[in-house]
Amino acid sequence: MKKTGFIRYAEKIFQSQPSFRADLGNDRHFEPATLYGFLDSLKGKFPSGSLAVKLAGSSAEGRPVNVVTLGNGSMPVLLWSQMHGDEPTATAAIADILLYFTQHTSDEEVHILFSSLTLHFLPLVNPDGASRRQRRNAQNIDVNRDALALQSPEGILLKKMQQTIKPVFGFNLHDQELSTVGSSRELTSLALLAPAHDEEKSDNDVRTKAKQLAAAFASSMNLFIEGKIAKYDDAFEPRAFGDSYQKSGTSTLLVESGHARNDPQKEFLRRLNVTGILSALFSIATGEYLQAPIETYTTLPFNSKRAYEKILRNVTVRLNSGGIIRADLGLSSQVDTHSEPPLKLVDIGDLSTFAGLDERDMKGLTVSQNDLRIGEPLGPPILNRL
């Protein structure tokens, strides 16, 4: 694909992102108050009237849910993040994007964005969950399964935002569990989805535009992580907001931040989010998303679950029967998108078709069969050798 404007913009943003990284602390799981303080700091840094930080609603426990609005273009776009409280990567990326706008108000690309689009950011939909580092809200409701019942204040807010703003495009931003790209051993860095709007997963104009946007997003990401992008499960889920928005007329793109080796705080994934979101928005503003080859998205392999947090390879296991075997040990502490340490042993045997976020060749290590218990942490006899 030739370098269109949004591709060149992606290269520019990726290169410069470290210069506009918002300071939200050293832990990717930051407190809601940290984000609120950052949003307060933005006030007064834009030309008069070009930025508004307003209260969109409140969480179940009364924490504010803010909406940040920029631009004066005719096309409204809504971006929302962290409806699951333990999925903060895109929230940090949104903070970076907002800081970028404060530093680059005179750039040609920003002028194009602001004159074509009106951007509405909901950086933190579920602050109660974020304060607990948990997926669900304070009512123990999964907000992303509340688009029909609307029993959570956060879900009601999301529904109201679509009805009042009437966004033409929506960005639904999440983190996903440790996954691999299709049948490969490549860890998924990002997964994309143009959600279904019906059980048949049929296409209409709204979903087709979402697929074209996904193709533009994937095209820019292929500059940096080609082969590490997957497609998220496309089964229709009427209770989910991405599917609900798609059905109600907003062309919606789901972006799931995955994993990369040696990136425990997801700084690289955060950088990819900033780059992908801004370049995708630029492709909307210029109309270039319509020229992105749709197969760039449609041919992406689906996510697979062929990965563990740690794999110890080539361990010699001394059997109670007196024999020995050579085996790989798969360890994980993941529950949905968060970790609950310590690591636990979840698989023993041939894991040659699996990938590890951390892999170690343990040839020469001999352990007793009695030291390996599925569902339990490894004991000192093994840990002391790592």
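How much area does the chain expose, and what share of it do carbon and sulfur atoms supply? The chain exposes about 15800 Å², and carbon and sulfur atoms supply 48% of that area. The legends below describe a predicted model.

**Figure 1. The whole chain, with its helices and strands.**
The chain holds 11 helices and 15 strands. Its radius of gyration is 22 Å, close to the 21 Å that the globule rule gives for 386 residues, so the chain is as compact as a globular protein of that length. Along the principal axes, the C-alpha atoms fill a box of roughly 75 × 50 × 45 Å.

**Figure 2. Burial and contacts within the chain.**
The chain has 386 residues, and 57% of them count as buried. Now take the contacts in the chain with a separation of 6 or more. Residues 24 or more positions apart account for 77% of these.

**Figure 3. The largest pocket and its centre.**
This pocket holds about 520 Å³ of space. Its lining is made up of 27 residues. Nearest the centre lie R145, Y232, D233, L254 and E256. Three elements give two or more residues to the lining: β5 (169-175), α8 (241-247) and β9 (251-257). The largest share comes from strand β5, with 3 residues.

**Figure 4. Residue types in the lining of the largest pocket.**
Which kinds of residue make up this lining, and how many of each? There are 12 charged residues, 8 polar ones and 7 nonpolar ones. Among the residues nearest the centre, look for R145, D233 and E256. These three count as charged, because Asp, Glu and Arg belong to that class.

**Figure 5. The second largest pocket.**
Its volume is about 450 Å³. The lining consists of 20 residues. Closest to the centre are R28, H259, P264, S339 and L357. By type, the lining divides into 9 polar, 7 charged and 4 nonpolar residues.

**Figure 6. D205 in helix α7.**
Helix α7 covers residues 205-225, and D205 is found in this helix. Is D205 buried or exposed? Its relative accessible area is 52%, so D205 is exposed; the cut-off for that word is over 50%.

**Figure 7. D205 and N314, a pair far apart in sequence and space.**
In sequence, D205 and N314 are 109 residues apart. In space, their C-alpha atoms are 52 Å apart.

Definitions and conventions
Residues are numbered from 1 along each chain as its sequence is written. This is a predicted model: local features need pLDDT of at least 70, side-chain atom pairs count only at pLDDT 80 or more; totals for chains, interfaces and linings use all residues. Side-chain values use heavy atoms; hydrogens and water are left out. On a 1 Å grid over the protein atoms alone, a cavity is a set of points where a 1.4 Å probe fits but cannot get out, and a pocket is an open set with protein on both sides within 12 Å along at least five of seven lines; lining residues have an atom within 4 Å of a point. Grid points are joined across faces, edges and corners, and a volume is the space filled by probe spheres set on the points. Helices (H or I, at least four residues) and strands (E, at least two) are DSSP runs, numbered from the N terminus. The radius of gyration is taken over C-alpha atoms; the globule rule is 2.2 Å times the number of residues to the power 0.38. Buried means under 20% relative accessible area, exposed over 50%, partly exposed in between (1.4 Å probe, protein chains only). Contact means heavy atoms within 4.5 Å. Accessible areas come from the Shrake-Rupley method with a 1.4 Å probe; for residues, only the protein chains shown count as cover.
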